[in-house]
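This report goes through several parts of one protein chain and says how they pack together. Keep the sequence and the structure in view while reading.

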Amino acid sequence: MDPEHPATGDPAGGDPAGDPAGGDPTSDPAGGESYSRGQDMLVLLQTLQTPWSTRELQQLKEEAWRGFAALDDPRAGLLHLLGGIRGWRWKGSSLEAWVTCELERWLQTQPPPGPAQGSPGLKQLQARALRVLAECPPSLVEPLVSIFRLRDVDRSRLLAHVHRLQQEGKFKEAVVLGTRLRLQPELDLEQMSAPLLLQDKVNLVERYVDGFPDLQRRLLALMDSWCQSGFDISVVARRYPQVTSLRLEKLSPRVLTRQVLRLLERYGLDPASCPHAVSQRHLAALRYLCYKRFVEGSMSQESWADHVRGLVGPSPWLQEQLLASQDDVALAARCARDLSLPEDQLPASVVTELRRLQLQERTAEAPFTDTRDQYYQLPIAREDVHFLATWEDLARHEGELLRPGQVVGMDLEWRPSFCTGGRPQASLMQVAVEGRVFLLDLPALSQPAGGQASQAFSRLVSRLLSDPSITKLGYGMAGDLKSLGASCPALAQAQKQLQGGLDLLQVHKQIRVANMPAPGADGAQGTRGLSLLVQQVLGKPLDKSQQLSNWDRRPLGEEQQLYAAADAYCLLEVYWALCREPARFQLSGDLARSPPLGHSKRSGAPEPPGPQEASAPPQQVPEVAAGAFRVVCDSMLQGLARSLRCLGVDALTLGTGEDHRQAAEVARREGRIILTSGLPYHQLRAQVGAGRCLWVDCSLKAPQQAKAVLRHFHVCVTHADIFSRCQACNCDQYLKVSKDLMKQLVWLSGRQEDPSSTGDEAQSEDTQEPGSAPEEMPGGCTYNPPCRWLEEADLQVRVPATLGNGTRLQLAGIPTGVLRRPGLRHFYCCVGCGKVFWEGSHLGRVASQFREILTAAPGSHGPSVASIPSSGCPKPPWPAP
């Protein structure tokens with residue numbers, strides 16, 4: 001055990017109640033310093049310093065046990081030791097704490113020396129121990145209680161000690177001691193908790209009432225009484241003059257109300273037990289609603305009145321506070337008008353202003369202002385918005401909702417809650433597909449639990465969430481999925497079921513648009529959240545006037561349905577715009593790799609689609625040969641393409657600046673798999689279908705990416721596949737060139753190499769060039785791909801050396817020393833790009849790098865050596881499928 005954790009386990013690694021050295025620790029004085037009876041505990045502490053500092057754990061324990069046995073009364077010695085410590089401000093562990101815990105273990109093995117149980121001497125030790133216990137670190141409470149048998153002490157003595165601490169102004173120590181000795185039911189709750197609440201030590205008070213439901217109710221009643229309107233907390237403070245560090249600013253009605261409501265929810269108590277705190281919460285909600293309605297103007301009169309009536313109810317005090325909270329009489333009159341309050345309940349000034357307002361409305365018709373052009377408009381027809389409330393509705397549209405490979409936008413709506421309680425129940429789920437939006441009535445479809453509609457709904461949503469071929473878009477998906485699970489218990493694991501999700505909130509954090517604010521940059525009063533994203537990407541914000549409407553009401557209003565449909569459909573349009581122009585928003589082109597769910601690591605954003613998340617390869621081809629595996633890579637995966645070609649895979653790449661949609665066209669035309677690492681992943685996957693598009697992690701190196709791809713698609717790679725394709729251009733056709741012919745071609749090209757030179761004198765001149773040191777792989781195989789010799793007839797012209805298909809041989813890439821190397825018999829040239837290869841050590845390195853995925857082909861002789869120059873080359877036409 002590490003002595004830095006003195007309260008747990010045996011530092012010698014054995015039984016804490018056993019003998020540390022396998023025998024009596026006092027029987028072998030030669031093993032350490034001998035102790036005489038009555039020797040002081042401080043001397044023992046000094047003796048233990050050396051093994052403590054060197055962490056000699058076995059020696060430390062042996063010395064300690066011998067020392068305990070040598071003392072007349074180790075318990076008294078411990079109190080003398082601990083009593084000399086001032087402040088107990090230990091940083092981590094201490095030798096004193098370790099000695100305390102070790103003494104507890106030692107006393108468990110034998111009768112304790114010193115005063116007997118019930119004797120006056122033990123009572124004196126217990127009284128001293130109580131004073132130490134009130135100030136010691138939490139880790140020493142249980143050892144001290146055990147060592148001094150404090151639970152056997154007469155409770156009246158314990159209570160008297162706690163009261164004495166209070167009288168001395170040691171309120172924290174009194175509460176801590178009362179908590180540790182479980183004295184709470186016999187102590188006055190207000191006297192114990194009020195001084196700590198005045199010092200903003202709510203956490204200590206919470207621990208004090210933990211496990212005592214009656215005390216929890218009484219604590220909340222006390223705190224709630226401080227929340228009532230007009231209460232002066234300084235009156236309470238004057239009752240406790242010993243409290244010097246008052247934090248009365250932490251006990252304002254607003255702050256205290258939050259504390260009460262938090263504890264109310266934690267303890268699961270009825271809100272009616274805290275009427276003052278609930279009224280304060282309602283008042284704060286009323287002020288917020290008035291701000292949204294009359295200042296910000298973002299809330300409709302109907303929604304405002306609906307919420308305010310629910311909050312005010314029959315409470316005359318809240319009605320009075322609502323009117324009094326308005327800055328001027330005109331606003332108070334508008335409140336009274338919208339709520340249809342009777343005039344006899346209104347102040348005279350408000351009545352006068354209300355009558356003037358009513359007269360003005362009768363005599364002057366307000367001009368109509370159409371503000372729709374200022375906001376994002378739903379681009380589909382009203383008949384394409386469908387309200388689904390029965391299992392028959394779900395069955396009718398199931399095919400459209402679960403179409404593989406599509407992109408859907410998802411959102412939830414719920415009635416705002418301004419009172420206590422947990423997460424609100426979702427009222428509506430919106431699912432947008434291209435051209436249509438479906439509004440799912442959650443109260444109707446989730447109740448009764450286990451009913452036909454509920455089962456059909458949970459099955460459909462589970463299939464939608466778990467299908468990786470369907471891209472699910474959201475904005476703050478974690479919160480929506482939690483609310484969905486709270487509303488429909490059958491979907492409690494919705495977050496874990498999600499595959500193929502993309503949280504645009506995480507993408508939004510990466511977006512930067514010229515002359516537009518970053519997310520949240522314009523403060524509370526500006527456009528925020530999804531509305532800001534829509535404004536940045538599509539040019540206009542969302543109209544949020546229905547956001548706080550009553551979503552539990554049925555039937556939903558027309559404006560509510562259009563708002564809900566737009567909230568989901570805008571996700572599709574934003575996604576499509578980002579896919580078209582990622583550079584405009586300064587995105588890296590890697591939309592799929594937003595932070596995953598659980599990073600906040602807030603649960604809400606999707607896992608980046610990786611090999612484990614993509615659809616499985618076609619089941620009818622469980623294993624495919626490397627030469628038959630065909631892929632097309634985006635422009636960011638050039639290195640991966642070269643690694644795959646190195647292993648014989650037919651790998652095409654898009655050029656820089658080529659539209660990613662071309663990858664889908666090539667994949668469909670030639671039956672290729674799309675490999676992508678960036679923004680177009682979800683859109684490409686939707687175009688080519690399940691299992692035909694794979695997201696590749698750009699943080700991996702190219703060989704690691706290649707291994708992941710080959711494993712995912714069960715591609716079988718043999719030694720014979722290595723360098724069966726040109727890494728540069730993907731061509732799989734070579735011509736073999738004799739050394740003599742290559743010397744002639746190089747000489748004719750203008751190089752200074754004499755074709756008649758034997759090269760014996762310079763065989764090591766270029767030993768640092770790739771492939772210049774011939775080397776055989778295990779098994780003695782050599783590189784010998786199936787190809788014919790280059791003949792004179794194959795050359796269209798000799799200077800520069802050009803093949804019949806117009807490909808010019810890249811002779812400049814051949815180092816001079818290679819032509820003079822003994823043992824080198826021939827070269828190879830790629831028919832597609834003219835790259836020249838020769839025997840070397842490169843293939844041995846490649847075979848070693850990919851050895852865990854190589855399969856030995858029966859009867860095959862794996863290639864041995866080949867070197868590949870790294871210079872670029874013209875891209876040849878794509879090989880035929």
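## Helix H30 and its surroundings

In helix H30 (residues 702–712), the buried residues are Ala702, Gln705, Ala706, Lys707, Val709, Leu710 and His712. The model is a predicted one. An α-helix has 3.6 residues a turn, so residues three or four places apart point the same way.

Which elements cover the buried residues of H30? The cover includes two helices, H27 (638–646) and H33 (842–849), and three strands, S10 (673–676), S11 (693–695) and S12 (715–716). After H30 comes His714, which has a positive phi, near 55 degrees.

## Strand S10 and its partners

Strand S10, part of the cover over H30, is itself covered on both faces. Ile673 and Leu675 are buried on one side, and Ile674 and Thr676 are buried on the other. In a regular strand the side chains alternate between the two faces of the sheet.

S10 pairs with strand S8 (residues 630–633) in the parallel sense, over 3 bridges. Within this pairing, Leu675 in S10 has Cys633 opposite. S10 also pairs with S11 in the parallel sense, again over 3 bridges. Here Leu675 stands opposite Leu694 in S11.

## The sheet S13-S16-S17

Another part of the chain forms an open sheet of 3 strands, in the order S13-S16-S17, with antiparallel pairing. Strand S13 (734–738) and strand S17 (836–838) are the edge strands, each pairing on one side only. From one strand to the next, the twist averages 30 degrees.

S13 and strand S16 (residues 826–830) run antiparallel and are joined by 5 bridges. Leu735 has Cys829 in S16 as its bridge partner. Helix H31 (residues 739–748) lies across S13, S16 and S17, and runs at about 90 degrees to S13.

## Aromatic pairs

How many aromatic pairs does a search of the whole structure find? The search finds 6. One of them is formed by Phe68 and Trp106: the ring centres are 5.7 Å apart and the planes stand at 50 degrees, so this pair is tilted. The pair links distant parts of the chain, since Phe68 is in helix H2 (residues 57–70) and Trp106 is in helix H4 (residues 95–107), 38 residues apart. Are Phe68 and Trp106 buried or exposed? Phe68 and Trp106 are buried.

A further pair joins the two edge strands of the sheet described above, with Tyr734 in strand S13 and Phe837 in strand S17, 103 residues apart. The ring centres of Tyr734 and Phe837 are 5.7 Å apart and their planes are at 85 degrees, so this pair is edge-to-face. Both Tyr734 and Phe837 are buried.

## Helix H17 and two crossing helices

Helix H17 (residues 329–339) meets helix H15 (residues 301–312), and their axes come within 9 Å and cross at roughly 85 degrees. H15 and H17 are therefore roughly perpendicular to each other. On the H15 side the contact is made by Gln301, Trp304, Ala305, Val308 and Arg309, and on the H17 side by Cys335, Asp338 and Leu339. By class, the contact has 5 nonpolar, 1 polar and 2 charged residues.

H17 also meets helix H14 (residues 275–295), where the axes come within 12 Å and cross at roughly 100 degrees. Why do H14 and H17 count as roughly perpendicular? Angles of 65 to 115 degrees count as roughly perpendicular, and the crossing of H14 and H17 is at roughly 100 degrees. In this contact, Cys290, Arg293 and Phe294 in H14 meet Leu331, Arg334, Cys335 and Asp338 in H17. By class, the contact of H14 with H17 has 4 nonpolar, no polar and 3 charged residues. Cys335 and Asp338 of H17 take part in the contact with H15 and in the contact with H14.

## Asp441 in strand S4

Asp441 belongs to strand S4 (residues 436–441). Buried means under 20% relative accessible area, and Asp441 counts as buried because its relative accessibility is 7%.

Which residues does Asp441 touch, not counting those up to four places away in sequence? Asp441 touches Phe387, Leu388, Ala389, Ser427, Leu428 and Arg554. The C-alpha atoms of Asp441 and Met429 are separated by 6.8 Å, and these residues are 12 residues apart along the chain.

Definitions and conventions: Residues numbered from 1 in each chain as written. Predicted model: local features only at pLDDT ≥ 70, side-chain atom pairs only at ≥ 80, totals over all residues. Heavy atoms only, no water. Helix = DSSP H or I, 4+ residues; strand = E, 2+ residues; numbered from the N terminus. Buried < 20%, exposed > 50% of the residue type's maximum accessible area, 1.4 Å probe, protein only. Contact = heavy atoms within 4.5 Å. Axes fitted to C-alpha atoms, helices over the stretch in contact; angles between N-to-C directions. Parallel < 35°, antiparallel > 145°, perpendicular 65-115°, else oblique. Nonpolar A, V, L, I, M, F, W, Y, C, P; charged D, E, K, R; others polar. Pairing = 2+ DSSP bridges. Phe/Tyr/Trp six-rings, centres within 6.5 Å; stacked < 30°, edge-to-face > 60°.
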